[in-house]
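Q: Could you walk me through reading a few features of this one?
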Amino acid sequence: MKSNRDRRSHSVTFVGDSELNQNSKDSRHDGGDNPDYNYENPAFTASTNDLQDTLERDAATRNPLSGSNNFMVIEDSSQSHASYSHRVKDAFHITKRKLAGICTKKTLFKRIPILRWLPIYNGEAAIGDLLAGVTVGLTVIPQALAYANVAGLPPEYGLYGSFLGCLVYIFLGSCKDVPVGPTAVQALLTFQALSGKGPEHAILLCFISGIVQILMGLFGLGFLIDFVSGPVSSGFTSAAALIIVTSQVKDLLGISASGNTFVETWKSIFHDILNTRLWDTFLGFSCIVILLLMRMITQINIGRTESPTKTEKIINKSLWIFGTSRNAILVIVSGVTGFFFCQHGEPPFKVIGSIPQGLPDFKLPPFGYTLETNGTTMAVSFTQMISDLGSGLIVLPLVGILENISICKAFSNGKPIDATQELIAIGTSNVANAFVQSFPVTGSLSRSAVNNASGVKTPLGGLYTGVLVICALLFFTPYFYYIPKATLAAVIIAAVVFMVEVKVVKPMWRSKKSDFFLAIVTFISCLILPLEQGILVGIGINLIYILYHAARPKISVEKMMSREGTEYLLLTPDRCLIFPSTDYVRNLVTKHSIRQGIPVVIDCSHIYGADYTAATVIESLTSDFASRDQPLMFYNLKPSVSSVFEGLSPKDFVVFYDHEEVDRLLKNRSCIKKQMQIMEV
């Protein structure tokens, strides 16, 4: 009897049609059939002695939706007994080729994108970048002050995160429209991760988030964001918007409130609502109305839509600039109002207060610090800081890159997105920001829209944004003292209220109700639980959906008639066979085969993968069919899948690739079985 190793067939892999045809020509030129195209395992029965001819004929008539049958043979590993030194030498050569592929001009240009566009930079691009950079800078300064408040940090920390990251992104960023800086969602996640801790925890969180994102990029883990589906993302974003609005209600009413979740914050607001300050409330709601009206101005177009006159262009552009700069205009006007009141005594509304003037110190992130409470000095270690940050160390960088990739896709105009490069760019920006005392940052969707509409041409627009923020830190921070807190709350509310994705509810309900249910569960979870736990709940339920569908493939059942009038049952699974689905498939096949009592053909056109568990089930299935003398055959089985099944040497296993062979196989089945028995002896 042959050993198992001798009965194993050659390993196989797929090739294109042209390569297959060339193999065919070469084999015929040499004369005779190529035995490598036939299975050597005696347990396998091919439908023809010349499998190559069958594959060529089937390739010409095959449904293009079916899987490919084409394969070629590579050397059987069991026949090449290389020495240990030989294997080490091969591994060295492979590693050398990999490193040579990395250290190339193409890779350098891919990983440092500025090398691609800087040599062709011109005056037109410079003007577009200048206008866009200044416009984004006027937008980011008031937003940075406000987002620091959302993160539970002093306002200067928002400005600290608004200049160095966007300068780093100039060199490494692959999307011209992305302005790196504080965002509403990152600020909220930072607030929940800190849980009342000081700025030191926020800076360390920024540093570790950057390291995690860089490692994800280097190890190609960008695919992890694919597990955040559209419904989960919609539910998370909508809940985050409501939580951010809720966090600003206290400043809008001039009261004190706290809480890490939506429910906790509202409980705190109602507890202190009797202390509402009239001036703060009036100023806050007035600013919201003004901001929404100014937002509508950006959509006004005077004159003809097509071929407008020069005057009409100037008027429309002026209206757009006026509406786009609404945050900066309102903050300046409110600051002047606050200055007037402060000059005549105590202002009737709360103001920001003192902000340190000048750039932050460039130093290492805190890997531990000392804290004084009631005259007692307490040391906080690095491990304690990591423990305090908890799941935020993973969730925050994932959500950050998810925000950034969403922006890149929105403005890519159908071009492919390099997720790896974006991970490296955003990660490096966060690491750099940690050296200037910033909390985590990423690309901002609202500022990206402004950047794109302003006519940005390259990532160099971030230079002017960064310079503007630096100027604000050096010269204007004393004047930020007079800005009312209610105005900053209004800036945030007017910006994030449009993040609530109401418009997707109706299409999602019509398209697939299970996705709507997933979005609602994620939305409610994010409101009740801390935000990072809520999105993990949504992702977990989504993965359960995926696993359920993997465990329950759809199988079409048809009763067919061959050309010669033989009736058989055709079963077609719609996906691969892996361990969650094997028992389910086996039970269905067994149930229908016993009920019909006729030959069974399993169409494997859609089975592109299998595992060991599937192989054991197939072995058991073929034995069951053989025991009740009921024919079972597999049509269009991929060679890669057959190699998995072949590992267990199943008996009475018939594979064919031409649907016209059904009659002949059924007639000659007894002869085939006899031949297999002889070969096994």
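A: Sure, starting with a definition: the expected span of a helix is 1.5 Å times one less than its number of residues. Helices here are DSSP runs of H or I, at least four residues, and strands are runs of E, at least two, numbered from the N terminus. This is a predicted model, where local features need pLDDT of at least 70, side-chain atom pairs count only at pLDDT 80 or more, and totals for chains, interfaces and linings use all residues. Residues are numbered from 1 along each chain as its sequence is written, and side-chain values use heavy atoms, leaving out hydrogens and water.

Q: What span should helix 18 have, and how far apart are its end C-alpha atoms?
A: Helix 18 (residues 392-410) has 19 residues, so it should span 27 Å; the end C-alpha atoms are 26 Å apart, which agrees.

Q: Is helix 18 enclosed or not?
A: Buried means under 20% relative accessible area, exposed over 50%, partly exposed in between (1.4 Å probe, protein chains only). In helix 18, 14 of the 19 residues are buried, so the rest of the structure largely encloses it.

Q: And what about Asn542: buried or exposed?
A: Asn542 counts as buried because its relative accessibility is 9%. It sits in helix 25 (residues 531-551). Leaving aside residues up to four places away in sequence, Asn542 touches Phe227, Ser229, Val232 and Leu518; contact means heavy atoms within 4.5 Å.

Q: How do strand 5 and strand 6 pair?
A: Two strands pair if DSSP finds at least two bridges between them. Strand 5 (residues 369-373) and strand 6 (residues 376-380) are antiparallel, with five bridges, and Glu372 is opposite Thr377.
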